[in-house]
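Reader: I should like to learn how to read sheets, helix packing and chain contacts in a structural model. Could we work through them in turn?

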Amino acid sequence: MSYKIPMGPYHPALEEPYKLDIICEGETVSDAKLHVGFNFRGIEHLAETRNYIQVIALMERVCGICSNIHTLTLCQALEKLTGLTPPPRAQYIRVIIAELERLHSHVLWAGIAAKLMGFKTMFMTCFEIREQVMDVLQAISGNRVNYSMNRIGGVNRDIEDPAAILSMIEALERGMVKTIIPIFTTSTTARSRCAGIGVLTNEKAISLGVVGPVARASGVGQDLRRAAPYAAYSEMEFEVPVQPDGDVRARLLVRALEIMESCKILRQALTKLPAGELHTGDGKFNFITGTATSRVEAPRGEVMYSVSWREHSRNPSRVHVRTPTFVNMPSVRWMVQGARLADTPLIQASIDPCYSCTDR
Amino acid sequence: MNALETILENLTTNEQLPAPWVESGGVYWLNAPDLNIREVAHAMNALRARFITITAYQLPGSKGLRLEYHWDLDGRLLGFSFPLAAKSIESIYDLCEAVDWIEREVHEGFAVVFAGREYEPLLLREGNTCGVNLRETGAPGKPGSGLLGQEEVAK
C-alpha cells in the first residue's frame with residue numbers, strides 16, 4: 001500500500017523551512033515531491049530599489065552561511081560594469097575570507113550530518129571547531145555572520161597580522177586532523193549510516209547539472225576556482241577532491257577533503273599576502289550601461305549573478321541570483337527513491353541545502 | 001552541418017572566439033539572427049555543455065521580455081539572448097532536465113509560457129497568480145505596493 005508522509009515545512013531535520021512529500025511503499029521511498037518558497041523575500045525585486053552601496057548590504061543577507069560569497073560575486077559583477085580591478089592585496093583577502101567561509105560551512109554541515117546520523121558527540125565536536133573558525137572571521141571582520149568585507153573595487157578591512165591568523169588556522173587544522181577528518185573518513189558509524197545510501201549516479205548528476213560537492217561526489221570534477229579562476233585563486237595550489245560513488249558517504253568524504261584543501265589555500269594566501277592598497281577608486285563609481293555576469297565557487301557550489309545597470313542610474317535595473325541549492329535541490333527526489341524512510345532526513349541534508357538562498 | 005553547428009564548432013577549436021561571438025561582461029554571447037532555443041539546446045547537449053540558468057528581463061514600456069540562457073563549457077560562460085514579444089517560448093525541458101526549476105521560476109515570476117511542458121507550483125502556492133515579478137502587478141513606487149520607486153530611493 002502506498003502512502004504519503006509529509007516532512008516539513010517545519011521539522012527537526014530541516015535547518016530552514018521547506019517541504020518534502022515522501023511517497024512510501026511500506027518503509028521504502030518510491031518517490032518524493034519538493035516544495036520550496038517558504039523563505040521567499042523578493043530580494044531580486046528589492047535590489048532594484050537599492051543604490052550601489054545598499055545593494056551590497058542587501059545581497060549579503062541572501063544567505064546566513066555564505067553571506068560573503070554573495071557580496072563577492074555581486075562586487076565582481078559590479079567591477080565589470082565600473083571597469084575597476086581590485087588591488088592584489090584585496091584579491092588575496094577575498095580568497096582568505098572565502099576559504100574561511102567554506103571551512104565554517106563545511107564544519108557546520110558535518111555537525112548537522114553527525115546529528116542526523118545519531119552521532120551527537122560528533123555534532124558537539126564539530127560545533128566546537130566551527131566556533132574557532134568563527135573566532136578567526138570575527139577577529140578579521142568584527143562580525144560573525146555578515147562580514148561586510150567586500151566593496152566595489154576591493155575590500156573594506158585589512159588583515160593586519162597575518163601571522164596571528166596563520167597560527168589560528170594551524171591550530172584549527174590540528175583539531176580537524178585529529179577529530180573530524182579521521183572520524184568521518186574511517187569510523188564504522190559514519191560508514192554504516194552513509195555508505196550506499198542516497199546515490200546520485202554520474203549520469204544523473206550531469207543531466208541535472210548539479211554543482212559543488214554534490215557534483216564532485218558523483219564523479220563530476222568541476223570547480224570554478226580551477227576552471228574559471230577569480231580573485232587570487234590562479235596563484236593558489238590545491239586539489240579538487242572527487243569521489244565516484246555518488247552516495248552520502250562520498251559527499252561526506254568530498255567535504256572532509258575540501259576542509260584540508262581550504263586549510264592549504266589559507267596557508268598559502270596568508271603567507272604570500274602582498275602589501276598594498278585595499279581598494280581602488282574613490283568611492284564614486286561610473287557605471288556603464290549593460291549587463292555583467294560573475295560566478296564564484298561557494299561552499300555549496302557555483303553561484304552566479306547577472307547584474308544590469310543603466311548609465312547615470314544609482315540603482316541596478318536587474319539583479320538575478322542563481323544559487324547552488326537551486327540546482328542541487330531537484331536531485332533529492334532521485335536520491336531518495338528506493339531509500340529507507342529513516343534515511344531520508346540524512347539524504348536530503350547531504351546536499352547541504354540552503355533554502356534561503358533557493359527562495360531569495 | 002547547419003549554420004549554428006558551424007558557429008558552435010568554433011567553441012572547441014578556438015581559444016579566442018571569432019565573430020559572431022562577442023565577449024561582454026564575462027559572457028560569450030552568440031549574436032546570430034534567428035536563433036532557435038531548441039536548436040541551441042541540442043547543440044549544447046552535443047558539446048556536453050552544462051546548463052546554468054535563464055535570466056528574465058522585463059524591457060521598458062511595452063517592449064516585452066528578454067530571456068538569457070547560459071551554459072558553461074569548460075569554464076567558459078556562453079550566453080544566448082531571446083527577445084519575447086508574445087511572452088512565450090518553446091520549453092527545452094525534454095532536452096535538458098536541468099532547466100526544470102528555472103523554467104518554473106520564470107513562469108511564476110514573469111508569466112512566461114514555456115510551450116510544450118506542464119508546470120507544478122515552485123515558489124508560489126496553489127492558487128497564486130503568476131507574474132509576481134512583473135512591474136505591472138507589484139511595481140516599486142506604485143500606490144499600495146509599499147515599496148519605494150527607484151527615483152525616490154536615489155534622492
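Author: The turns below take a sheet, two helix pairs, an enclosed helix and the contact between chains. Please keep in mind that this is a predicted model.

Reader: Let us begin with the sheet of chain A. In what order do its three strands lie, and is the pairing parallel or antiparallel?

Author: The order in this open sheet of chain A is 6-7-8, with antiparallel pairing. Strand 6 (290-298) and strand 8 (318-322) of chain A each have a single partner strand and stand at the edges, so one side of each lacks a neighbour in the sheet. On average, neighbouring strands of the sheet are turned by 15° against each other, direction ignored.

Reader: How many bridges join strand 6 to strand 7 of chain A, and through how many residues does the hairpin between them pass?

Author: Nine bridges join strand 6 of chain A to strand 7 (residues 301-309) of chain A, and the hairpin connects them through two residues. Within this pairing, T291(A) is placed opposite S308(A) of strand 7 of chain A. Helix 3 (residues 67-82) of chain A packs on the sheet and touches strand 6 and strand 7 of chain A. The direction of that helix makes about 150° with that of strand 6 of chain A.

Reader: Is strand 6 of chain A mostly covered or mostly uncovered?

Author: Strand 6 of chain A is mostly covered, with eight of its nine residues buried.

Reader: How should one describe two packed helices?

Author: The description uses the angle between their axes and the distance between the axes. For helix 3 of chain A and helix 4 (residues 88-117) of chain A, the axes come within 9 Å and cross at roughly 145°. The crossing of this pair is left-handed. At the contact, N68(A), I69(A) and L72(A) of helix 3 of chain A meet R94(A), I97(A), A98(A) and E101(A) of helix 4 of chain A. By class, this contact has four nonpolar, one polar and two charged residues.

Reader: At what angle do helix 6 and helix 11 of chain A pack, and how far apart are their axes?

Author: Helix 6 (residues 162-186) and helix 11 (residues 248-272) of chain A pack at about 165°, and their axes are 10 Å apart. The two helices are therefore roughly antiparallel to each other. Their crossing is left-handed. Residues making the contact include I165(A), I169(A) and F184(A) of helix 6 of chain A, and L252(A), I259(A) and L266(A) of helix 11 of chain A. The residues of this contact divide into 16 nonpolar, one polar and two charged.

Reader: Turning to chain B, why is helix 3 of chain B described as largely enclosed?

Author: Eight of the 11 residues of helix 3 (residues 100-110) of chain B are buried, so the rest of the structure largely encloses the helix. Among the buried residues are I102(B), V106(B) and H107(B). Their cover includes strand 3 (50-58) and strand 7 (113-115) of chain B. After helix 3 of chain B comes A111(B), whose phi is positive, near 60°.

Reader: How many residues of chain B are in contact with chain A, and which element of chain B supplies the largest share?

Author: In all, 27 residues of chain B are in contact with 32 residues of chain A. Strand 3, helix 3 and helix 5 (150-154) of chain B each supply at least two residues of the side of chain B that touches chain A. The largest share, six residues, comes from strand 3 of chain B. By class, that side of chain B has 15 nonpolar, eight polar and four charged residues.

Conventions:
Residues numbered from 1 in each chain as written. Chains lettered and ligands numbered in written order. Predicted model: local features only at pLDDT ≥ 70, side-chain atom pairs only at ≥ 80, totals over all residues. Buried ≥ 20, exposed ≤ 12 C-beta atoms within 10 Å, placed from the backbone. Helix = DSSP H or I, 4+ residues; strand = E, 2+ residues; numbered from the N terminus. Contact = placed C-beta atoms within 7 Å. Pairing = 2+ DSSP bridges. Axes fitted to C-alpha atoms, helices over the stretch in contact; angles between N-to-C directions. Nonpolar A, V, L, I, M, F, W, Y, C, P; charged D, E, K, R; others polar. Left-handed = near helix turned anticlockwise from the far one by under 90°. Parallel < 35°, antiparallel > 145°, perpendicular 65-115°, else oblique.
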